[in-house]
Amino acid sequence: MSNKDGNLTERQQKAASIIVESGKNLLDLINEILDLSKIEAGQVVKNVEEVLLADLAENAQTLFSHMAENKGVAFSVTLADGIPSSICTDRKRVEQILKNFLGNSMKFTSEGRIDLVFLRMKATAPVRSETLQAEQSIAISVADTGIGIPAEKQRAIFEAFQQADGSTARKYGGTGLGLSISKELAALLGGEIGLVSEPGKGSVFTLYLPVGNEKKSEKEEEWQQIEQPLVLKAESVPVPVHENNLKQQIIAGLYDRDTIFQGKKVLLVDDDMRNVFALSGVLEQKGMEVVIAEDGKRALEMLVQEEGIDIVLMDMMMPEMDGCEATRKIREKKQFKKLAIIALTAKAMKDDRDKCLEAGANDYLTKPVDVEKLLSMMHVWLYR
């Protein structure tokens, strides 16, 4: 983050960088949701052109070789003998699918290798599409030595917002939209996706595509008329001026009593350092001592090591031990039966609040965290 005028402290620069990164992540999620919605609504039209396979290979090598090097895994790109020099397809959509395959492999492979291979489709390939025939199709495979996927989960990962299981989402992140979008795009291109995987041994994702013999170009329909109402709808709920003023007066009156935060110790449990940095800054300004744990297991250790913790802010989605399990284990200990615990979660499903409260949380707040609401909750539970 640049600080050209030199008027930001180091902490402010870090905070600004975190805000920018969070904004990018949110934008990526919004774009993926819109992309999937466009496909399902039939709003995406192919832009078919002659695509050199060597160009696809070179681009993938350029984009992912540095990432593989940083992770310490081998990465190779191979153009097998007997494949055509080019195919007629939508290059942008093919690259989108391959980036998803390779991105997943890089994410879920901590050692070993990742191989991208372009080859002629085998006559025995288990494809379902009537448009795919071995003599007129190619296969583009991404094979890795990563964590693998159980057979019973392989169908589910192609559905929206799904990953192999909850622990995968917590440990590795991601929206669970990439493979769903890739599946729809493959169908749009007249192809399909194959998967062979075994837990602990890795996965092979394969994109089967027709070679094609027609070169044509169609322009995608303008989607502004669909996007615009979505934005307006979210902002068009009127809020009477007097109600807004009343709310501000109540909040102002509440935080005039910020002395309740002074000298209190809060355990902040979250594996996302952006959230930790942002919240700890706010709480420290209120005069609180902030203790940090990156997962539920560490939170249990910190409660024993650190004396006098007054309240816990518990993220629900974490690696190793999630927030629900950690909360239940905290409540099992007699000395923590009355410790205030506020659950924080990025998920907003109907039954999430009940799950958190059943686990033993006193209160519940969804992310992104509304700081005013959080402070109000903390005020209530610290006062009690």
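Is E198 buried, exposed or partly exposed? In this predicted model, E198 is partly exposed, its relative accessible area being 40%. Its side chain forms a salt bridge with K201. The closest N and O atoms of that pair are 3.5 Å apart. K201 counts as exposed, at 59% relative accessibility. The cut-off for exposed is over 50%, so K201 passes it at 59% and E198 does not at 40%.

The structure holds 9 salt bridges in total. Two of them share the lysine K265, one with E289 and one with E306. Between E289 and K265, the closest N and O atoms lie 4.0 Å apart. E289 belongs to strand β9 (residues 289-293) and K265 to strand β8 (residues 265-269), so this bridge ties together parts that are 24 residues apart in sequence. The bridge between E306 and K265 has an N to O distance of 3.1 Å. E306 sits in the loop between α9 (296-305) and β10 (311-315), while K265 is in strand β8, so the pair connects parts 41 residues apart in sequence.

The accessibility of these three residues was also computed. K265 counts as buried, at 10% relative accessibility. E289 is partly exposed, with a relative accessible area of 42%. E306 is partly exposed as well, at 25%. Buried means under 20%, so K265 falls in that class at 10%, whereas E306 at 25% does not. Elsewhere, salt bridges link D55, R91 and E95 in a network.

The strands were examined next. An open sheet contains 5 strands in the order β2-β4-β5-β7-β6. Its pairing is mixed. Strands β2 (74-79) and β6 (192-198) stand at the edges. Each has a single partner strand, so one side of each is left without a neighbour in the sheet. From one strand to the next, the twist averages 10°. In general, strands of a sheet pair through backbone hydrogen bonds, in either a parallel or an antiparallel manner. Strand β5 (residues 137-144) and β7 run antiparallel and are joined by 7 bridges. Within this pair of strands, V142 stands opposite F205 in β7. Helix α5 (residues 178-188) packs on the sheet. This helix touches β6 and β7, and its direction makes about 140° with that of β6.

F205 also takes part in an aromatic contact. A search of the whole structure finds 1 aromatic pair. The ring centres of F101 and F205 are 5.4 Å apart, and the ring planes meet at 35°, so the pair is tilted. Stacked pairs need planes under 30 degrees apart and edge-to-face pairs over 60, so the 35° of F101 and F205 fits neither class. The pair links distant parts of the chain, 104 residues apart. F101 lies in helix α3 (residues 91-108), and F205 lies in strand β7 (residues 202-210). Both rings belong to buried residues: F101 has a relative accessible area of 2%, and F205 has one of 6%. F205 in β7 thus faces V142 across the strand pairing and pairs with F101 of helix α3.

Conventions. Residues numbered from 1 in each chain as written. Predicted model: local features only at pLDDT ≥ 70, side-chain atom pairs only at ≥ 80, totals over all residues. Heavy atoms only, no water. Phe/Tyr/Trp six-rings, centres within 6.5 Å; stacked < 30°, edge-to-face > 60°. Helix = DSSP H or I, 4+ residues; strand = E, 2+ residues; numbered from the N terminus. Buried < 20%, exposed > 50% of the residue type's maximum accessible area, 1.4 Å probe, protein only. Pairing = 2+ DSSP bridges. Axes fitted to C-alpha atoms, helices over the stretch in contact; angles between N-to-C directions. Contact = heavy atoms within 4.5 Å.
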